[in-house]
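User: I am in my first year and would like a close look at a single part of this model. Please choose one part, place it within the whole, and explain it in one connected answer.

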Amino acid sequence: MEQRIWDRHKYRRIASAIAQAFLLPIGSIAFAMAGFRLVAASGQRPPNAVMLILRGIASAEAPRGQLDDESALKYARRVGYHGDVLDVASNDTANGAQVKMAIDRIRHDEKVRAIYGFSGGGYNTRRIYARLNRAERQRIRKIVVVGSPGITEADFPESADVLIKNDPPAGHMAGPKALLDSLSY
């Protein structure tokens with residue numbers, strides 16, 4: 001009888017150790033996943049957040065829109081986003097291809113969390129933002145407009161992080177590089 005009790009206790013200890021060995025990693029994973037969801041729900045940027053970059057109007061040298069792509073992409077990386085240049089020029093119309101493509105991308109890609117507009121792309125940023133629904137506007141955490149006179153922070157009322165930059169002394173096309181250079185390393 002005493003041996004059976006001893007065996008039963010031994011069996012329970014072994015079963016408990018096995019259960020802990022399986023539950024501890026599962027619990028850790030569940031805790032980590034819950035933490036990830038809490039960060040995402042808090043409005044903070046997920047690690048793969050995209051900054052949609054909008055080029056300016058086309059020119060003979062830049063038929064898909066003028067922009068210092070390299071500076072804009074580096075800027076996006078330095079402020080914590082994956083930069084994605086929308087490969088279409090601004091044509092300065094309310095229903096142009098750039099506006100339609102950007103709205104479609106924002107509506108179908110939850111990773112888009114920021115918009116960077118240069119020149120004509122800056123004016124389109126205002127048009128795009130105005131057409132987004134409340135949930136979409138709240139998802140867009142950062143707005144950057146470079147070289148688009150007349151655009152103000154007031155054009156993006158629900159965005160807490162709006163950066164408007166006028167043309168630097170070096171000229172209009174130097175705006176993206178000047179913005180990049182303004183970041184402290």
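**The sheet and its surroundings**

Analyst: The accessible surface of the chain comes to about 11000 Å², and 57% of that surface belongs to carbon and sulfur atoms. Please keep in mind throughout that this is a predicted model, with a mean pLDDT of 86 for the chain and with 75% of its residues at 70 or more. Residues 34-42 call for particular care, since their pLDDT is below 50, and in the model this stretch has two contacts beyond near neighbours in sequence.

Before turning to the part itself, it helps to see the whole. The chain has 185 residues, of which 36% are buried, and its secondary structure consists of six helices and five strands. Read from the N terminus, these elements follow one another as α-β-α-β-α-β-α-α-β-β-α. Among the contacts with a separation of 6 or more, 69% are between residues that lie 24 or more positions apart.

The part to examine is the sheet, which is open and has five strands, paired in parallel in the order β2-β1-β3-β4-β5. Strand β2 (82-86) and strand β5 stand at its edges, and because each has a single partner strand, one side of each is left without a neighbour in the sheet. From one strand to the next, the twist averages 15 degrees.

Within this order, β3 (residues 112-118) deserves the closest reading, beginning with its pairing to β1 (residues 50-54), where five bridges join the two strands in the parallel sense. Following individual residues across this pairing, you will find Met-51 opposite Ala-114 in β3, while Leu-52 has Ile-115 of β3 as its bridge partner. Strand β3 is also joined to β4 by five bridges, and these two strands again run parallel; here Phe-118 has Val-146 in β4 as its bridge partner. As for its surroundings, β3 is mostly covered, with seven of its seven residues buried. Helix α4 lies across β1, β3 and β4, and its direction is at about 140 degrees to that of β3.

The same helix leads to an aromatic pair, one of two that a search of the whole structure finds. The ring centres of Tyr-129 and Phe-156 are 5.2 Å apart and the ring planes meet at 75 degrees, so this pair is edge-to-face. Tyr-129 belongs to helix α4 (residues 120-131), whereas Phe-156 sits in the loop between β4 (142-146) and β5 (162-165), and the pair thus links distant parts of the chain, 27 residues apart. Both Tyr-129 and Phe-156 are buried.

The loop between β4 and β5 also holds Glu-153, which offers a contrast, because its relative accessibility of 52% makes it count as exposed, whereas Phe-156 is buried. Leaving aside residues up to four places away in sequence, Glu-153 touches Val-162 and Ile-164, and both of those positions fall within the range of β5 (162-165). Between the C-alpha atoms of Glu-153 and Ile-143 the distance is 9.0 Å, with 10 residues separating the two in sequence.

Returning to the sheet as a whole, you can therefore trace a path from the edge strand β2, with its one open side, through the buried residues of β3, and on to the loop between β4 and β5, where Glu-153 is found.

Methods. Residues are numbered from 1 along each chain as its sequence is written. This is a predicted model: local features need pLDDT of at least 70, side-chain atom pairs count only at pLDDT 80 or more; totals for chains, interfaces and linings use all residues. Side-chain values use heavy atoms; hydrogens and water are left out. Helices (H or I, at least four residues) and strands (E, at least two) are DSSP runs, numbered from the N terminus. Buried means under 20% relative accessible area, exposed over 50%, partly exposed in between (1.4 Å probe, protein chains only). Contact means heavy atoms within 4.5 Å. Accessible areas come from the Shrake-Rupley method with a 1.4 Å probe; for residues, only the protein chains shown count as cover. Rings of Phe, Tyr and Trp (its six-membered ring) pair if their centres lie within 6.5 Å; planes under 30 degrees apart count as stacked, over 60 as edge-to-face and the rest as tilted. Two strands pair if DSSP finds at least two bridges between them. Axes are lines fitted to C-alpha atoms, for helices over the stretch in contact, and angles run from 0 to 180 degrees between N-to-C directions. pLDDT is the predictor's confidence in each residue, from 0 to 100.
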